[in-house]
Amino acid sequence: MNTNDLIYLAGLFDGEGSISLIKRNDSKSYRLQVVLSNTHKETLIWAQEFFRSGCIYKTYGSYKYKLGKPNKQCYNLAWTDKTGQEVLSSLYPWLRIKKSEADIVLRFRATYTGRQRSKQLYDARGAFLTELAEVRDKR
């Protein structure tokens, strides 16, 4: 991987990215979601090709008017779970704004070492969600 491209992508992600832990329907487990948003779809295609993973989709319902004209169409490039972990691990050394969030979710993903399932493990993973919310509240 080209270091200059990683540095560029880390800066882009600091400004236009998001990191989420989403509670699954069974309410015991969580999914990591890493998203890069942009109105320039070609930039997201390049990032998708660079990481060799991710899914690009349009965002809907976000058209707001500015000076009488609708905003440009926005696109998201999303990675989940293991691929999200790999992307964040690659960007981590150069992140500034989202580094603390990345640290939390990378520690969260480190708890996935097999098929262990216990109340203690589910509770520990839930604590990462709380920690992530606290970090965001401080920004």
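**Exercise 1. A glutamine in a loop**

Is Gln 73 buried or exposed, going by its relative accessibility? Work it out for this predicted model, then place the residue in the chain and look for a polar partner.

*Solution.*
- Step 1: Gln 73 sits in the loop that links β5 (69–70) to β6.
- Step 2: The relative accessibility of Gln 73 is 16%. The cut-off for buried is under 20%, so Gln 73 counts as buried.
- Step 3: Now for the side chain. One of its polar atoms is 2.8 Å from the backbone oxygen of Thr 59.

**Exercise 2. The overall layout**

Describe the fold: how many helices and strands does the protein have, and in what order do the elements run from the N terminus?

*Solution.*
- Step 1: The protein has five helices and six strands.
- Step 2: Read from the N terminus, the order is α-β-β-α-β-β-β-β-α-α-α.
- Step 3: For the dimensions, take the C-alpha trace along its principal axes: about 50 × 35 × 30 Å.
- Step 4: Of the 139 residues in the protein, 38% are buried.
- Step 5: Finally, consider the contacts with a separation of 6 or more: residues 24 or more positions apart make up 61% of them.

**Exercise 3. The nonpolar core**

Which residues touch the most other members of the largest nonpolar core, and which elements each supply at least two residues to this core?

*Solution.*
- Step 1: A general point helps here: in soluble globular proteins, nonpolar side chains tend to be buried together.
- Step 2: The largest nonpolar core has 29 residues, and those touching the most other members are Phe 13, Leu 36, Phe 51, Leu 88 and Leu 91.
- Step 3: At least two residues of this core come from each of α1 (3–16), β1 (17–23), β2 (30–38), α2 (41–51), β6 (75–80), α3 (81–91), α4 (99–109) and α5 (119–138).
- Step 4: Zoom in on Phe 13. Setting aside neighbours within four places in sequence, Phe 13 contacts Ser 18, Ile 19, Val 34, Val 35, Leu 36, Leu 88, Leu 91, Leu 95 and Lys 98.
- Step 5: Follow one of those partners, Ser 18, which belongs to strand β1. With neighbours within four places left out again, Ser 18 contacts Phe 13, Gln 33, Val 34, Val 35 and Lys 98.
- Step 6: The relative accessible area of Ser 18 is 31%, so this serine is partly exposed.

**Exercise 4. Two helices packed together**

What is the angle between α1 and α2, and how far apart are their axes? Classify the packing and list the residues that make the contact.

*Solution.*
- Step 1: Two packed helices are described by the angle between their axes and the distance between the axes.
- Step 2: For α1 and α2, the angle is about 130° and the axes are 12 Å apart.
- Step 3: Therefore α1 is oblique to α2.
- Step 4: The crossing of α1 past α2 is left-handed.
- Step 5: On the α1 side, the contact involves Asp 5, Leu 6, Tyr 8, Leu 9 and Leu 12, while α2 brings Thr 43, Trp 46, Ala 47, Phe 50 and Phe 51.

**Exercise 5. Two arginines in helices**

Place Arg 107 and Arg 125, classify their exposure, and find what each one touches.

*Solution.*
- Step 1: Arg 107 is part of helix α4, and Arg 125 is part of helix α5.
- Step 2: Arg 107 has a relative accessible area of 34%, so it is partly exposed. For Arg 125 the value is 4%, which means that Arg 125 is buried.
- Step 3: Not counting residues up to four places away in sequence, Arg 107 touches Phe 128 and Glu 131. The side chains of Arg 107 and Glu 131 form a polar contact of 2.6 Å.
- Step 4: With the sequence neighbours up to four places away again not counted, Arg 125 touches Tyr 30, Phe 108, Thr 111 and Tyr 112.

**Exercise 6. Positive phi**

What are the phi values of Arg 52 and Asp 81? Say where each residue lies and how exposed it is.

*Solution.*
- Step 1: Recall the background: most residues other than glycine have a negative phi.
- Step 2: Arg 52, not a glycine, has a positive phi of about 60°. Asp 81 also has a positive phi, near 45°.
- Step 3: Arg 52 is in the loop between α2 and β3 (55–58), whereas Asp 81 is in helix α3.
- Step 4: The relative accessibility of Arg 52 is 76%, so Arg 52 counts as exposed. Asp 81, at 13% relative accessible area, is buried.

Note on methods: Residues numbered from 1 in each chain as written. Predicted model: local features only at pLDDT ≥ 70, side-chain atom pairs only at ≥ 80, totals over all residues. Heavy atoms only, no water. Core = buried A, V, L, I, M, F, W, Y, C linked by side-chain atoms within 4.5 Å. Buried < 20%, exposed > 50% of the residue type's maximum accessible area, 1.4 Å probe, protein only. Helix = DSSP H or I, 4+ residues; strand = E, 2+ residues; numbered from the N terminus. Contact = heavy atoms within 4.5 Å. Polar contact = N/O pair within 3.5 Å; in protein donor to acceptor, adjacent residues only side chain to side chain. Axes fitted to C-alpha atoms, helices over the stretch in contact; angles between N-to-C directions. Parallel < 35°, antiparallel > 145°, perpendicular 65-115°, else oblique. Left-handed = near helix turned anticlockwise from the far one by under 90°.
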